[in-house]
Amino acid sequence: MTGKHLMNRRQFIATTTVAASALGWSDQSWSAEPQPPLKNRGYYLCFMRMPTFGLAVWRQILDAVAEDGGNTIILWMGGAFRSKKYPITWQWAKDHENVKRDFAGELIAHAHQRGINVLLGFTPFGYDGVNQLPLEKPELKAIAADGKPVNAFGIGCWGWNLCPAKAESQEFMREYAREMAFEFYPEADGLFIESSDYAICHCPDCGPKFFDHEFGFVKDISEEIWKRKSDPTVVVYPHYFSGAKLRFAFAEATAAKKPFDPRWTLFSHRTALLWSQI
Ligand SMILES: [Zn+2]
């Protein structure tokens, strides 16, 4: 094996169209000067599922991102910060270093020193942190196709996705996302709003309109961050715009067909695949 065909992550990010082209970030102009092929380059990091890493380790990770030529990271934060409004969201993660001592703000400052933008990741009505709310409010659980509340599901953080048609679920998502983006980490550069890939709600109010309800939240939180920050990046999924048939791990659904605001940046599954390969 000569190594000729092997590529480490540094070479990979420097020479391929990783992620950013699918994110619609390929708006740089080409010139004769050698330069990275994409304007935005980086990694999707499951911050919430790396409980033992403290600030020192995370600084090293970001230094490596900078050395790789990266300038953007997604820090998936749901459940991994010490929410004051919803302590139930982090009871599963009491030993997470950022829950014990909130350092992500310092980490974002370090990222900026290294020329890296930070997007805060979370999933509306599902996954880590959010899926803990039904421990206190079981009536907010999404409904499965059989008409009964959904079973618990998760990766690391097990819980239940929420019915987005319920006013209390909407209120929770808005308050939780606001708290993360505007109170805990206002210096972050935007949001990565990752639509769930494992379930929708089949209650009479959701069903085919599930993504309309999810979109209502996504639109509102986007409007809010656009008002508060100058030129933030807000990454969303095609589920709100394409009208396409979607296939999840356990279900099928139809995407909503809504107007696309050009201030959004789209994330595709192709992008996710490329990110996961690094
Ligand atoms: Zn529902």
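Which residue in β6 is the bridge partner of Leu 119? In this predicted model, the partner of Leu 119 is Gly 190, and the strand that holds Gly 190, β6 (residues 190-193), is a useful place from which to read the sheet around it. That sheet is open, has six strands with parallel pairing, and follows the order β1-β2-β3-β6-β7-β10.

**The sheet**
- The edge strands, each pairing on one side only, are β1 (42-45) and β10 (264-266), and from one strand to the next the twist averages 25°.
- Strand β2 (residues 72-76) runs parallel to β3 and is joined to it by five bridges, with Gly 121 of β3 serving as the bridge partner of Trp 76.

**The neighbours of β6**
- On one side in the sheet order, strand β3 (residues 117-122) pairs with β6 in the parallel sense over four bridges.
- Strand β7 (residues 233-236) also runs parallel to β6, with three bridges between them, and Val 235 in β7 is the bridge partner of Phe 192.
- Between β6 and β7 the chain passes through helix α6 (residues 210-228), making a β-α-β crossover that is right-handed.
- Helix α6 lies across β6, β7 and β10, and runs at about 170° to β7.

**Burial and the nonpolar core**
- In a regular strand the side chains alternate between the two faces of the sheet.
- Both faces of β6 are covered, since Gly 190 and Phe 192 on one side are buried, as are Leu 191 and Ile 193 on the other.
- The largest nonpolar core has 71 residues, and Leu 191 is among those that touch the most other members, a group that also includes Leu 120 and Val 236.
- Leaving aside residues up to four places away in sequence, Leu 191 touches Leu 119, Leu 120, Ala 181, Ile 225, Val 234 and Val 235.

Note on methods: Residues are numbered from 1 along each chain as its sequence is written. This is a predicted model: local features need pLDDT of at least 70, side-chain atom pairs count only at pLDDT 80 or more; totals for chains, interfaces and linings use all residues. A residue is buried if 20 or more other C-beta atoms lie within 10 Å of its own, exposed if 12 or fewer, and partly exposed in between; C-beta atoms are placed from the backbone. Helices (H or I, at least four residues) and strands (E, at least two) are DSSP runs, numbered from the N terminus. Two strands pair if DSSP finds at least two bridges between them. A crossover is right-handed if, with the strands pointing away from the viewer, the path from the first strand over the helix to the second runs clockwise. A nonpolar core is a set of buried Ala, Val, Leu, Ile, Met, Phe, Trp, Tyr and Cys residues joined through C-beta atoms within 7 Å. Two residues are in contact if their C-beta atoms, placed from the backbone, lie within 7 Å. Axes are lines fitted to C-alpha atoms, for helices over the stretch in contact, and angles run from 0 to 180 degrees between N-to-C directions.
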